[in-house]
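This briefing is for a reader new to the structure shown below. The points that follow are grouped by topic.

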Protein chains: 2
Amino acid sequence: MSKPVSDIVIGRLPIYLRALTRLLEEGQTITASKDLAERLGISSAQIRKDLSHFGEFGKQGMGYDIAYLRDQLKSILQVDRLWDMVLVGAGDLGHAIVHYGGFEGRGFRVACVCDNNPQKIGRRLGHLEIYDTAHLAEIVRQREIKIAIVAVPADAAQIVVDQLVEGGAKAILNYAPITVTVPSGVRVQYFDPSIHLQRMTYYL
Amino acid sequence: MSKPVSDIVIGRLPIYLRALTRLLEEGQTITASKDLAERLGISSAQIRKDLSHFGEFGKQGMGYDIAYLRDQLKSILQVDRLWDMVLVGAGDLGHAIVHYGGFEGRGFRVACVCDNNPQKIGRRLGHLEIYDTAHLAEIVRQREIKIAIVAVPADAAQIVVDQLVEGGAKAILNYAPITVTVPSGVRVQYFDPSIHLQRMTYYL
């Protein structure tokens with residue numbers, strides 16, 4: 001790992017991890033890069049090359065031990081632990097995110113919720129109390145939270161992101177349909193359903 | 001276009017389209033594959049190769065005309081029109097999707113909503129009436145809807161998907177954290193926030 005691995009390679013690792021987890025759930029224990037390739041629509045050469053950045057995971061002609069490779073990927077991606085996240089925005093989307101069942105076992109949990117609506121502050125969302133967004137930077141700092149989900153209207157997103165950065169957040173998943181600016185060292189991923197839809201319209 | 005273009009290439013086109021749209025909004029009119037590459041973390045050779053499947057879009061040393069390339073990509077992806085979508089699930093997530101501002105100008109609109117909750121059927125979600133999911137296949141067939149968004153609990157997702165397929169839907173964006181089975185000729189994309197989060201934890 002002398003040369004840094006590109007973002008695009010890192011971006012594929014979670015896809016491999018999800019596929020391996022599914023294979024295990026289906027009862028498989030060994031897989032070949034060829035099978036993974038077919039499942040994912042990524043060439044087997046690409047998969048082998050991506051994984052080779054991190055070590056030797058399979059023996060020639062023997063395939064990969066799925067559980068072992070899954071554990072290695074979890075460790076590489078640092079999701080072999082549980083990350084506390086702050087959710088900003090307790091609207092419809094915030095509710096859906098708190099009740100979303102897809103974080104479990106993936107390395108994440110919503111640990112705290114903020115909103116700027118006085119009607120919501122102090123009330124509960126699921127088992128979490130809703131805090132005032134005015135204290136967002138302070139909450140993030142005190143709890144040493146590194147990951148945030150932004151689920152506020154587009155015109156509030158940049159302000160919220162600035163507060164998150166001030167508090168020390170390093171990874172932001174932005175659901176607002178707007179591009180935000182962050183200093184280097186902070187990463188933003190955009191949730192964008194149109195991208196997923198446009199991947200299918202080509203075939204219609 | 002004698003050889004079919006791979007899913008993975010098609011999957012990158014919406015990313016290019018989004019980047020080009022942003023560049024235009026920022027006032028740029030010409031871009032080089034090198035600039036796009038830096039913005040997207042994809043190599044410029046890859047970008048040129050991806051685009052070359054569909055024709056000649058730039059002149060050597062001249063860069064790409066952004067508006068022209070954007071229009072071509074819209075046409076290739078078939079989002080130079082407006083696709084009516086059916087949304088299944090009028091819960092928190094369904095509300096968030098109906099009020100989401102990120103479909104506009106991207107080729108999509110929620111044209112109709114279904115739910116199986118008698119308390120919700122007949123009421124309104126935004127400007128749309130909520131229909132009974134029992135009639136889902138019929139609604140999809142009658143309105144000739146090709147694209148669906150599934151925003152129901154995990155244990156209801158497969159049933160809903162089966163009804164959508166029966167009605168003739170060909171492209172499904174599944175928000176439920178569960179893998180669904182569809183016949184060949186029908187495409188499913190998964191909305192999976194954990195994948196986005198795992199792309200950032202590597203760097204923490």
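The buried residues of helix H7(A) are covered by elements of chain A that include strand S4 (83–88), helix H6 (136–142), strand S8 (147–150) and strand S9 (171–174). The model is a predicted one. Further points on the helix, the domains and the pairing of the chains are set out here.

**Helix H7 of chain A**
- The residues of H7(A) that are buried are Ala157(A), Val160(A), Val161(A), Gln163(A), Leu164(A), Val165(A) and Gly167(A).
- Helix H7 of chain A comprises 14 residues (154–167), and because each residue should add 1.5 Å, a span of 20 Å is expected; the end C-alpha atoms are 21 Å apart, in agreement.
- After H7(A) comes Gly168(A), which has a positive phi near 110 degrees.

**Domains of chain A**
- The domain assignment divides chain A into domain 1 (7–76) and domain 2 (83–194).
- Between the C-alpha centres of domain 1 and domain 2 of chain A lies a distance of 31 Å.

**Contact between chains A and B**
- Chain A contributes 53 residues to the contact, and chain B contributes 53 residues.
- On the side of chain A that touches chain B, two or more residues come from each of helix H1 (7–25), helix H5 (92–98), S9, strand S10 (187–190) and helix H8 (193–201) of chain A.
- This side of chain A holds 28 nonpolar, 15 polar and 10 charged residues.
- Of the interface residues of chain A, 100% are also interface residues in chain B, so the copies meet through the same surface.

**Symmetry**
- A turn of 180 degrees with a shift of 0.0 Å along the axis lays chain A on chain B with an RMSD of 0.0 Å.
- The two copies are therefore related as by a two-fold rotation axis.
- Asp92(A) is the residue of chain A that comes closest to the rotation axis, its C-alpha being at 2.3 Å.

Conventions. Residues are numbered from 1 along each chain as its sequence is written. Chains are lettered from A and ligands numbered from 1 in the order in which they are written. This is a predicted model: local features need pLDDT of at least 70, side-chain atom pairs count only at pLDDT 80 or more; totals for chains, interfaces and linings use all residues. Helices (H or I, at least four residues) and strands (E, at least two) are DSSP runs, numbered from the N terminus. The expected span of a helix is 1.5 Å times one less than its number of residues. A residue is buried if 20 or more other C-beta atoms lie within 10 Å of its own, exposed if 12 or fewer, and partly exposed in between; C-beta atoms are placed from the backbone. Two residues are in contact if their C-beta atoms, placed from the backbone, lie within 7 Å. Domain bounds come from an automatic or database domain assignment. Ala, Val, Leu, Ile, Met, Phe, Trp, Tyr, Cys and Pro count as nonpolar, Asp, Glu, Lys and Arg as charged, and the others, Gly among them, as polar. Copies are superposed by least squares on the C-alpha atoms of residues with pLDDT of at least 70 in both.
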